[in-house]
Amino acid sequence: MNFLLNKLVLFESSVDAIMISIIASLSAAMMIFVGYKLLQMLQLAGYKLKGYNRWFIETKFSYIFRLAMLSFLSVCAMLISNVLLVDYFIVKPLKYVGALFYILLCSVFIMNLFTAKQKTPLKYTKRMTRLVLVYMILLLGLSWGLVLVGYKFIPYLSFGLIGICPLLLPLIVFLAYFITYPIEKMISNSYIFKAKKKLQEKKNLLVIGITGSYGKTSVKNILGTILSEKFKVCATPSSYNTPLGLSKTILSNLTDQDEVFIAEMGAKQRFDIKELCDMVNPDIGLITGVGNQHLLTFGSPEMIAKTKGELADYICAKNGRLYINIEREATKNLAKNYDNAICIALDNKDCDLCAENRKTNKNGSSFDLVFKGEKVNCKTILLGDHNISNILIASRVALDLGMSLKEISAGISKLVTIPHRLEIVRSSSTYTILDDAYNSSVEGSKASLDVLSKFDGQKFVITPGLVELGSEQFNSNFEFGRNLAAVCDYVIIDSTINYDAITAGMIFAGFDEKKIIQVGNLNQAVAMLGTLAKANDVVLFENDLPDNYS
């Protein structure tokens, strides 16, 4: 009898060992997918822990609560199955039913996570691949540790302690980040070093740096197109405006034939621009404007102006040429610090380059480019005075590089719209769509509404409002609401974040509250639009919040 009991215990232990291995390994595999959102948010934050932490705060820890609920239900399921069944040999294998519930709950969580529409899915770059590899190793260790601790020290919970894995995922992502950080820093520095060395070897290459709170990408593309009429030009693609983005462009795209390199320079905190200047050593600097974009990370408008001024300081220190768009008060004040700055503004008669007879319609813009008494007519498919202003500063640089007005006009005619930046979208709908969904700013929203006002028909705006404005977010969205009220017939707000501020501003301006519609997301906004818009109406999509605001 004792022999049989010993065999039974041995068999039971063997089964438990096998089940522990299966459950621990399966749990680790599932946690990789449960933590997908955390990895995605870290990537969207530019691998900056400040941005990652801010996502938790701004979403009121909603994802943490979801993970906590998953852990709570999982532990409860495994605790109940163990407590109820542990004393009955005949049904003792049924104690694993709790683990099945854990796996089922995780599966439902993962399905809901991956069926939700994502605007910017996780990109499996080399850096993310390295991070995920360390993350997987940590998850495997965590899963095995929790199973063994629970099995050995908490009999009634058995392996059920593994249910707290989901709740620990934010800490595991933190730990994986810190483990990989020194490696990533070394890799990043090596890319930057190689890029700097390549630039230093190109003695005759003209380097142009462009920064500003808004308009950087537009001016870069405009300048690149115009200069291409006379020079071989390499420019950073899309919004590649970080040290690694510039390094990638220099190492992959810059050729021996290129005569001009245009570097877009982005910043979210003090000395970001200085770091980029030290890297690419620009000969010419352009400042497109200073506003409260990224005020949340900068902390104050003064810090934004100082950071953008880092490009001006660098250019002036090496006696380079500095160009500043002084249409806003902040850049006017900035320009006063630099005696040799070449200033550009649409309606400033003191500037030697101006645009006369400006006209904008749904087909584009036209104007006369005038420089020291000489004039040339220009046409472009770009919309609005703000784009003409961008063209002006780019044209002023081109003139100083020896291009004629005729060559510049030819370049202007070849300009193309940048996706999601006040782009007219051709679709099967009978109404006109203006897509300005990319990263709207206070100044950008004013410009897009100015363009919208020039169209006929009912005017609709779909927007979540303006973000990353820190203490100024309510006031800026209140003002945005007032501006909307002056132009629009209907406003559909597809977010809860700025609804109160925008609505307050619109009502203050006398807008009909019944024509302010709140929906939960962009898909619902488009569905609502289908019931309201008619032929010849125009719809402006103003800003589209990324996934870290959901």
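**View 1. The largest cavity holds about 40 Å³ of space.** The model shown here is predicted. Two cavities of 30 Å³ or more are counted in the structure. Around the largest one sit V442, S445, K446, L466, S476, E479, F480 and N483. By class, this lining has three nonpolar, three polar and two charged residues.

**View 2. Helices α16 and α17 at the largest cavity.** Helix α16 spans residues 442–452, and helix α17 spans residues 473–487. Each of them gives at least two residues to the lining. Helix α17 has the largest share, with four residues. The full lining includes V442, L466 and F480. Also in the lining are the residues S445, K446, S476, E479 and N483.

**View 3. The second largest cavity encloses about 30 Å³ of space.** Its lining is made by Y47, R127, L131, Y177, T180 and E184. Two elements supply two or more residues each: α6 (126–153) and α7 (165–201). Helix α7 contributes the most, three residues. The lining of this second largest cavity divides into three nonpolar, one polar and two charged residues.

**View 4. Helices α14 and α15 pack against each other.** Helix α14 covers residues 385–400, and helix α15 covers residues 405–413. The angle between them is about 140°. Their axes lie 10 Å apart. Angles over 145 degrees would count as roughly antiparallel, and 65 to 115 as roughly perpendicular. The pair α14 and α15 is therefore oblique. The crossing of the two helices is right-handed.

**View 5. Side by side, the residues of the α14 and α15 contact.** From α14 come I391, S395, A398 and L399. From α15 come L405, I408 and I412. Six of the contact residues are nonpolar and one is polar. No charged residue takes part in this contact.

**View 6. Both cavities, with their linings by class.** In the largest cavity, the lining has three polar residues. In the second largest cavity, the lining has one polar residue. Two charged residues belong to the lining of the largest cavity. Two charged residues also belong to that of the second largest. Helix α17 leads the lining of the largest cavity, and helix α7 leads that of the second largest.

Definitions and conventions. Residues are numbered from 1 along each chain as its sequence is written. This is a predicted model: local features need pLDDT of at least 70, side-chain atom pairs count only at pLDDT 80 or more; totals for chains, interfaces and linings use all residues. Side-chain values use heavy atoms; hydrogens and water are left out. Axes are lines fitted to C-alpha atoms, for helices over the stretch in contact, and angles run from 0 to 180 degrees between N-to-C directions. Angles under 35 degrees count as roughly parallel, over 145 as roughly antiparallel, 65 to 115 as roughly perpendicular and the rest as oblique. A crossing is left-handed if the near helix is turned anticlockwise from the far one by less than a right angle, and right-handed if clockwise. Contact means heavy atoms within 4.5 Å. Ala, Val, Leu, Ile, Met, Phe, Trp, Tyr, Cys and Pro count as nonpolar, Asp, Glu, Lys and Arg as charged, and the others, Gly among them, as polar. On a 1 Å grid over the protein atoms alone, a cavity is a set of points where a 1.4 Å probe fits but cannot get out, and a pocket is an open set with protein on both sides within 12 Å along at least five of seven lines; lining residues have an atom within 4 Å of a point. Grid points are joined across faces, edges and corners, and a volume is the space filled by probe spheres set on the points.
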